[in-house]
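Student: Could we go through this model together? I'd like to know what stands behind each label we put on it.

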There are 2 protein chains.
Amino acid sequence: MLNERTEKVLFAIVESFINTNEPVGSRFITKTYSFNLSPATIRNIMADLEEFGFLAQPHTSAGRVPTDRGYRFYVDCLSRYHEAEDAFLESFISRLEATREDLNGLLEGSARTLSEHSRYLGLAAPMKSGRTTLNRIELFSYRADYIAVVLLTDEGPIKHKIIRAGQRLSPKTLRRISDYLNQEFSGYTVDEIRLKLIKEMSREKALCDILITKAVEICREALTFPPGEIYVCGFSDFIGLPDFSSRIREIAGAIEDKHFMLKLLEQVGAEVEGPSVLIGSENPAKEMKDLSLVVSTYKQGGKIAGSIGVIGPTRMDYSRAIAMVQTAARFITEALSR
Amino acid sequence: MLNERTEKVLFAIVESFINTNEPVGSRFITKTYSFNLSPATIRNIMADLEEFGFLAQPHTSAGRVPTDRGYRFYVDCLSRYHEAEDAFLESFISRLEATREDLNGLLEGSARTLSEHSRYLGLAAPMKSGRTTLNRIELFSYRADYIAVVLLTDEGPIKHKIIRAGQRLSPKTLRRISDYLNQEFSGYTVDEIRLKLIKEMSREKALCDILITKAVEICREALTFPPGEIYVCGFSDFIGLPDFSSRIREIAGAIEDKHFMLKLLEQVGAEVEGPSVLIGSENPAKEMKDLSLVVSTYKQGGKIAGSIGVIGPTRMDYSRAIAMVQTAARFITEALSR
DNA sequence: TTTAGCACTCTCGATGCATGAGTGCTAAAA
DNA sequence: TTTTAGCACTCATGCATCGAGAGTGCTAAA
């Protein structure tokens, strides 16, 4: 559909726009790149590219600006001949290393590193809690009639919750309850446990064992998680980008909404292996219509354990962003598997 | 210094500016309030107020705008004859009630309620972790050579941390270590424990008890907390306020910096009882120079346990804000003491 | 097929001008 | 002595105009 020369020009235009954030004109291209073509020729090519929907003009007599389709072409090109600037990645990785020792902070640290190096928004989130595997569950009595439930998951992050017991339970009872829960449920994912709980409830009725009833009850309540964690870093740099200004409010709202962000990450990263890129209107949510998203999943024990990525303006530096997200994902995967 | 009429005019001007966010002129005042004075008289009064530093003019022929000193006067007036609109507070309190059941989410819920009702930034933070009282400490082995430490505090929030043990410890050893730690340290504040640890370290050397050595080591590491929690809600509404636009970047940066915010809350709320108000340049930090802060502390068991408040533009609705912060603080205090 | 040349379009910044809101001052009224 | 009416003055704002500059599309020549 496009000959090689046309592709090169398109690539150059997208690249220029990413760097300058100004509509790029025909003369600029001839000066900056050595195609050995006159501006007039470039103009002809540009007209073609506009016709095909890769470029757009903000107004007559302005230069051209990439459309989402233009970016898409650019990104697809990148993945071919892109090995990323090693020198840069070096510093990025060494910064990531700092987060390794602290399993708690691994995700947050990665998100922060990502945002600091890209100046976009850094994101990290473990998979929907339903898929995490329960490693251990512990119960302590707390205050008069509360129970503190601590869930250790295989994926690293601990979750805790304080729930109301309704009555005072002796340490011994608690221990027996937690022993029972551990024996029954550890090693299963939260989703599986939910299923088992339902079965358990019918069996329990037959047994009429008050201890088990209590245990099941506690477990049920402990598994109703709050929104779920997500780490979002780099807000201030991101919000200061000249690209939005007008829509700041709306965008800030979307970013602040953790449910929204989690859903987004989940939808995008769910099944794909490497980093995937969503450009502008390719995004499922309209709040994101002039933002782009680069996400990758990380794994643990062969299973997808969560996702990590960046959000930037559509004219983001995809080359770097992709390299960074990929590196970060590999890094986390590796850190988790030690 | 100011006669009663002058004070009333000043009050009216500040109030008008808070409502309209426009420099207020003499005619506007005569129309809106019934002082039965001509614009000319109001102008004279305004000139006096400007001379005293309560008002300022953005430029000749603009109306007057309150200075920080003007706001200060206004706020001091408020505290005299202000009981707040009960109808509004009613809905606020009922919204707060929803957060009561969940001790985990109490602070976050309050911050969110605060921000939703004020449209400013809602803040909540427990006191510097040094002052929290350790209720219980629990250890589990996790993975090969990690230990998950769970600290239950009297104040409600649980803290957890995963630390590297350096070697595999049997459940039995762990239990003995945690028994020892609980026996020695529960009931003390984190600061006190740090002190005790130092003493312990010298004693331990004498005893040469490898178990105690290990215990002390673990405890030391577990007590080095990350930044500390702070809940900040309502970013998007706040950032959308017309007052900043230009300084968004700087302000967003300050807000995102948790260390900064914690320090701010601590400095301000530290010792005072009721809600305290810092207006514009009264703030210790220059990033906050055209923001105002309304903070109050909440208590638990008679001790100050943390602070809660809102941040808004200097022209914020102080009357409402103060009432809300006060109510929220009382609410939390009450919820914690049940 | 490429390119030079040219007319055309549109943005952007500067300039000038009228308008209106608001002030300060002065002198008269209360 | 205090209040007010009147008036001259200031300044931001909006609007229209204008020229410069950047960039385009088209045509005709290379």
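Here we take the contacts label by label.

Tutor: Some ground rules: residues are numbered from 1 along each chain as its sequence is written, and chains are lettered from A and ligands numbered from 1 in the order in which they are written. This is a predicted model, where local features need pLDDT of at least 70, side-chain atom pairs count only at pLDDT 80 or more, and totals for chains, interfaces and linings use all residues, while side-chain values use heavy atoms, with hydrogens and water left out.

Student: What makes a residue count as near DNA strand D, and which come nearest?

Tutor: A residue is near a strand if one of its heavy atoms lies within 4 Å of it. There are 20 such residues around DNA strand D, and Ser26(A), Arg5(B), Thr41(B), Thr60(B) and Ser61(B) come nearest. On the DNA side, 76% of the strand D atoms within 4 Å of the protein belong to sugar or phosphate, and the rest to bases.

Student: Why is the pair between Ser26(A) and DNA strand D called a polar contact?

Tutor: The term means a pair of N or O atoms within 3.5 Å; within protein, one must be able to donate a hydrogen and the other to accept it, and residues adjacent in sequence count only if both atoms are side-chain atoms. A polar side-chain atom of Ser26(A) sits 2.6 Å from a phosphate oxygen of DNA strand D, so the pair qualifies. Thr41(B) also reaches a phosphate oxygen of that strand, at 2.7 Å, and Arg64(A) does so at 3.0 Å.

Student: Which element gives the most to the surface near DNA strand D?

Tutor: That's α3(B), with four residues. Helices here are DSSP runs (H or I, at least four residues), strands are E runs of at least two, and both are numbered from the N terminus.

Student: What does DNA strand C touch through a base?

Tutor: A base nitrogen of DNA strand C is 3.2 Å from an N or O atom in the side chain of Arg43(B). Phosphate oxygens of strand C also have partners, including Arg5(A) at 2.9 Å and Ser26(B) at 2.6 Å. For strand C, α3(A) gives the largest share of the nearby surface, four residues.

Student: How many residues of chain A and chain B are in contact?

Tutor: Taking contact as heavy atoms within 4.5 Å, 40 residues of chain A meet 41 of chain B. Together the chains bury about 3,500 Å², 51% of it on carbon and sulfur atoms; that is the accessible area (1.4 Å probe) two parts lose on being put together, summed over both.

Student: Why do Asp237(A) and Arg249(B) form a salt bridge?

Tutor: The rule asks for a side-chain nitrogen of Lys or Arg within 4 Å of a carboxyl oxygen of Asp or Glu. Asp237(A) and Arg249(B) are at 2.7 Å, N to O, so they pass. Two salt bridges are found across this interface, along with 10 residue pairs in polar contact, both residues at pLDDT 80 or more.

Student: The structure holds 12 aromatic pairs over all chains, so what makes Phe235(A) and Phe235(B) a tilted one?

Tutor: Rings of Phe, Tyr and Trp (its six-membered ring) pair if their centres lie within 6.5 Å; planes under 30 degrees apart are stacked, over 60 edge-to-face, and the rest tilted. Phe235(A) and Phe235(B) are 4.3 Å centre to centre with 50° between the planes, so the pair is tilted. The pair crosses between chains, from helix α10 of chain A to helix α10 of chain B.
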